[in-house]
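Work through three short exercises on a protein model. Try each task before you read its solution.

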Amino acid sequence: MATCCSGKRCTCLVTAGPGVTVEGNGSTGTPYVVSSSGTTALEAADTPTVDVTVTGTGATGDPYEVSAAVILDPAPPGGGTNLLQEGPDGVFVECADVRGCLTAGDGITYDPSTGEIAANVSGDTGNTTVIGTDGGLYTPAGTTAVEATDSQTVDVEVNGTGTAADPYVVSADVRLDAAPPGGGTNLIQTSPDGLFVECEQVRGCLTAGDGVTYDPDTGEIAARPSTDAGNLVTIGTDGGLLAVAPAADPTSVEGGDTPTAHNSVTGTGTAVDPYVVTTDVVLDATPPQGGTNLIGSGPDGLFVECADVRTCFTAVDGATYDPATGEIGAHLSADAGNQVVFGSDGGLYAAAGGGTPTVVAAGDTPTANNTVTGTGTAGDPYVVSTDVVLDAAPPQGGTNLLQTGADGLFVECADVRTCFTAVDGATYDPATGEIGANISGDPGNTTVIGTDGGIYTPAAATALEAADTPTVDVTVSGTGSTAGPYQVAAAVILDATPPQGGTNLLQAGAEGLFVECADVRGCLTAGDGIAYDPATGEIEARPSTDAGNIVTFGTDGGLYATGGSGTATVVQAGDTPTANNTVSGTGSAGDPYVVSTDVVLDPAPPGGGSNLLQAGADGLFVECADVRGCLTAGDGIAYDPATGEIAAKISADAGNTTVIGADGGLYTPAGSTALVSTDTNTVDTTITGTGAAGDPYTVEADVIVAPDPNGVEAGPNGLLVAPSADAGNQLAFGADGRLFVPAEPPLEIGCGLQGDGTAAAPLAAFPIAGLTAWASDWACTDTGHSTLKCDPDTGALWTPPEHYTAADHLYQEHMNPVVANQGPTGGWVFLQPGGAAAVLSFNVPGNFLGNECRKWSYSSHCHGSFDISYSSTATFEVGYIYQENGAALQIRPMWGIYTAAGSARRERYSGSTSETAFDVLPGNGVLLNYFCAINVTAGTITINSWTSDGTIHTTTQSN
């Protein structure tokens, strides 16, 4: 391989490309240095239709990535919905999306799911316009016929021939069922002024049972007390049933609390002082998480405000928070060199920088493909270009209407027009987008396109009059022309003043969407018979304004024209709140107009109950069985809604003496009772009252207590025998409640005593080993040296506490693992094999071995044996550091090398240390620590083994 570099200098020419700098001359001392010329800045620039995003830092490991997404306007300026959609394969608009932009006006039907537009033929009664065999609109010529059709509730009658001299007369009578299905009499009646049902008719539906009187003339229902002798049941001053009865137990009301509510009850439960139950919500003063309860209680109820919640939040690194306003912000560092600031849109912004080359890569989205060219220098800048992705197979399965031209994306009217088709009654030209009415070519069709381009069907003249009956008011309005068609309405007549003079119980009750779009509406134009508003997308049929045209819009929005001999008769149904009229037929001789009337029964009357009026096969009816459900029984009344029978209800409570008397009335026997009082030597009896309901017998009895002192007295709660309160009185009450004098209890003989306290067996000490004199061979006296003493304050015998002693022994190897090559320590330090201090510990607890009275002392001893290797230059000391109860550390040296040996050695040595203490309080314990310690001043040492052999002796002292 050829080379241009040899010797001390490279002869190759190195030049800098875009974004690169070259320094040096290629010599060994000054070699070529190739580096980035600086930082390439790259920013994203958006357009109204594409959102460009730049990520990465431009470094080799984190290149710039430029991606672009097509911007879809979520709120187009027309106020509608954006028809452009974004799929995984790009942007698309399908026919299914455009079809919702159109709506149907009068005379047109439109299916937005298929885009099909058709003429809307009115379904109003009498309309003769149909779809012809060729799919066009067709209105046959002929004679108008009107025919009556009855319903279960109305009889309709048509008279006349429909000419001006003999007009059609439509009348209707409400049908009343003479034999209702319940078998009773129909309560609905007719009068010259209309239908009515009065209270007079309903009252005969009820009868009276036991304990009740009923007046069918007035409808008054009353309780009937029995007339049997001695009956106590009467009518009280408030009109209720009254019978003297034992007083009931008082009602007790208490407040019951829950963890969330506290109830309190005030009052006595009387009429003047009723029970009042008050509830207070319980707010936890110390919630389980330990914080403050945010729920507050004010004069208008419980509340939690924003100010209460804001203190629940705090800000940490990178954020600021103002608890006074609840505002959360980003916290920008004040450190020198920080490039993070707030951008013009309020977001965090950091400008790019550094000295490394910038790498830009293209990132794609489902709606845009990005391409990056250039090197990023001023002479060859990065160029990011974006291609919008168009979905070749939109998800609805249609063709994407979006196309790409030399000047950008587009959708034209010609592309949208294929989304629509025409069906019966309409023509549609997808080449021009023109929608027209399709006039049938069937023979006899009189519908044409008028001179003004609207649909036109000539009218005929028909005469129509209304005839009323006592129960139905028929109204005919209009002139029969297109602008004023005949309208036949029938209303059931409700008599405002029925003949019986009451109020008519029959009442009359009473009983409604949009869409918009506006992007492709300019693609359509209107042909003959059609009016189209491109501002709204509304398509409607356009009737001709030529004179004599009878084509109009029916009440359901469809095209409407009646046929006739040159002119068409228009018959429409008019409804009222009480009657629905229906017109069927085409008005021809073979299919005459049929006007039917149904009485409207309110399914939800304004009073909130059920409508009692019903429709049967023979007409309207209300029966007694329907009315009986309107009544319910209150206290003291039994009611059978199946029969309408009302009866008095006798209480089943124990002790009730009220029954049904022989005459069917309520009866409570009084009874004739004579009471005489008889006194005895011990009871004085008194009787007051006459035994009548208003003055019942009252029997009182007083116990007679003799005037002499006898221990019996009359108290507020009865007779009382109470023992005297004099000192020394032993009179008491026994377990059976009777008076008794307890016997003297036997003496309780405790430990160390004998005898029962009698003369024969007096109390005495009880020496277990018998009676023995003080030993004569003792040099001390019993009075000076005996330990048995008596406490003058308590009278108790006592001896000093026992003495106790205890000992313990520990043997421990500390070097696990070995402490190796320990250099100078800078003073005495603990040995820490494995990271923990090597120590021999004695832990003596307070009150050990049951000693709770005497002070105590201890003596401890620790013997150490050490196996140590040390270097030739090592100087050191070893020993223990002693500590008592966590107090100051005390050094106990045992062996050392103070002059270097000049050669490495391994030797074993041993030594001991002891500690003693006195007057330790009984409740105090002792913790003694003997820490293994060294002090290396030069060289290194290795502790191969260190054993501690320790003992401790404890004993109690004389205080």
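The exercises below use this predicted model.

**Exercise 1. Cores**

Task: Find how many residues the largest nonpolar core has, and which strands each supply at least two of them.

Solution:
- Step 1. The largest nonpolar core has 34 residues.
- Step 2. Look for the residues with the most contacts inside this core: Tyr858, Ile868, Phe876, Ile941, Ile943 and Trp946.
- Step 3. Now go to the strands. At least two core residues come from each of E72 (839-844), E73 (856-870), E74 (875-884), E75 (890-897), E76 (905-920), E77 (926-938) and E78 (941-956).
- Step 4. Another core, of 27 residues, lies apart from this one. Val156, Ala172, Val492 and Val599 are among its residues.

**Exercise 2. Asn400**

Task: Locate Asn400. Is Asn400 buried or exposed? Which residues does Asn400 touch, beyond those up to four places away in sequence?

Solution:
- Step 1. Asn400 sits in the loop between strands E34 (383-388) and E35 (403-405).
- Step 2. The relative accessible area of Asn400 is 13%. Buried means under 20%, so Asn400 is buried.
- Step 3. Leaving out residues up to four places away, Asn400 touches Val91, Phe92, Val93, Leu390, Asp391 and Pro394.
- Step 4. Look again at Asp391. Its backbone oxygen is 2.9 Å from a polar side-chain atom of Asn400.

**Exercise 3. Pro742**

Task: Place Pro742 in its loop. Then classify its accessibility.

Solution:
- Step 1. The loop between strands E64 (739-740) and E65 (753-754) holds Pro742.
- Step 2. Pro742 has 32% relative accessibility, so it counts as partly exposed.
- Step 3. Compare Pro742 with Leu731. They are 11 residues apart in sequence, and their C-alpha atoms are 7.4 Å apart in space.

Definitions and conventions. Residues numbered from 1 in each chain as written. Predicted model: local features only at pLDDT ≥ 70, side-chain atom pairs only at ≥ 80, totals over all residues. Heavy atoms only, no water. Core = buried A, V, L, I, M, F, W, Y, C linked by side-chain atoms within 4.5 Å. Buried < 20%, exposed > 50% of the residue type's maximum accessible area, 1.4 Å probe, protein only. Helix = DSSP H or I, 4+ residues; strand = E, 2+ residues; numbered from the N terminus. Polar contact = N/O pair within 3.5 Å; in protein donor to acceptor, adjacent residues only side chain to side chain. Contact = heavy atoms within 4.5 Å.
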